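Colleague: I am new to reading structures, and I would love a close look at one part of this one. Could you walk me through it slowly, linking each detail to the next?

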Amino acid sequence: MILATQAGLILMSYVISLYPQYFWPIYILYIIIFFGITSAISLRSNPILSERKYLPEILNSRILFEEKRAGDLIQKDQEYLSKLQEFVSSTFKFFIYMILYLIIISILYYEILMRIVSHEMGYERLLTYIVYFEALFLFNMFAYGRIIKPRTLEVVAPQSYRVTEKGIISTDRSVYLHSRHLINAEIIDNREKKYVEIRSNTLKLPYRIRLYTTEIDRLLEVLERVKKLEIKRQQSSST
């Protein structure tokens, strides 16, 4: 990935050294390609995507438990709301940083760099552009790692959800977990805040799934039933 980034920087520097008037179209194209490649790599390594093929199984299985008012309980959990607010604030800061970053590099380019390269030709101009974009690259690496790196949600709580014989799924289908990952999962309940939290040990999710409900005992019984059904299915398929 680093080699591809460096190659992209050199290529961009070369093209802009030939066509400096097209700085923004070329730079925006570079950003789109860079984020496209980064997103593709991230998505391919995201365990959630590999599980999407099991969504029909979960959706079409018999519903054992349904909670439509989890959002009301979420609003009463100040600790979770605080974490959610930190996540939103971090994301907002990241977008503000990107806007300021684009403004600043525009000023640097048109007010300073253009004056420098106007007196240079050939390889000198190319080298100046390479130094400029490498400096931006290093600054972004430092800023992203130390200043504006967006937070990730450690806990995801759906506003409403269902538990079927094949797993758990939120109403908007953004959160789901197949039953085979429940067998060895850690399941913790918090009766004071009215939720059951699930951490899968077989599917390395970047977050824990938290299911809010006033019927904790019933939800735990259903989850245990789903686990037993999955164990029975696996035993049947192995014989």
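Modeller: Let's start with Ser 160, which sits in the loop that runs between β2 (155-156) and β3 (161-164). Please keep in mind that we are looking at a predicted model. Is Ser 160 buried or exposed? Its relative accessible area is 17%, and the cut-off for buried is under 20%, so Ser 160 counts as buried.

What, then, does Ser 160 touch? Leaving out residues up to four places away in sequence, the list is Glu 67, Lys 68, Ala 70, Ser 170 and Thr 171. One of these neighbours, Thr 171, deserves a second glance: its side chain and the side chain of Ser 160 make a polar contact at 2.5 Å.

Now follow the chain along to another loop, the one between β4 (167-170) and β5 (176-178), where you will find Arg 173. This residue is not a glycine, yet its phi is positive, near 65°. Its relative accessibility is 47%, so Arg 173 is classed as partly exposed.

You can meet a positive phi again at Lys 194, where the angle is about 60° although this residue is not a glycine either. Lys 194 lies in the loop between β6 and β7. With a relative accessible area of 33%, Lys 194 is partly exposed.

That loop brings us to the strands on either side. Strand β6 (residues 186-190) and β7 form a hairpin, with four residues between them, and Lys 194 belongs to the turn. How do the two strands pair? They run in the antiparallel sense, and five bridges link them. To see one pairing for yourself, find Ile 188 and look across to its bridge partner in β7, Glu 197.

On to the next strand. β7 also pairs with strand β8 (residues 208-212), again in the antiparallel sense, this time over four bridges. Here Glu 197 turns up once more, standing opposite Arg 210 in β8. If you trace from Ile 188 to Glu 197 and on to Arg 210, you cross from β6 through β7 to β8.

Why can we call β7 largely enclosed by the rest of the structure? The strand covers residues 195-199, and four of these five residues are buried, so the description fits. While you have the strands on screen, here is a handy rule for viewing them: in a regular strand, side chains alternate between the two faces of the sheet.

Terms used:
Residues numbered from 1 in each chain as written. Predicted model: local features only at pLDDT ≥ 70, side-chain atom pairs only at ≥ 80, totals over all residues. Heavy atoms only, no water. Buried < 20%, exposed > 50% of the residue type's maximum accessible area, 1.4 Å probe, protein only. Pairing = 2+ DSSP bridges. Polar contact = N/O pair within 3.5 Å; in protein donor to acceptor, adjacent residues only side chain to side chain. Contact = heavy atoms within 4.5 Å.
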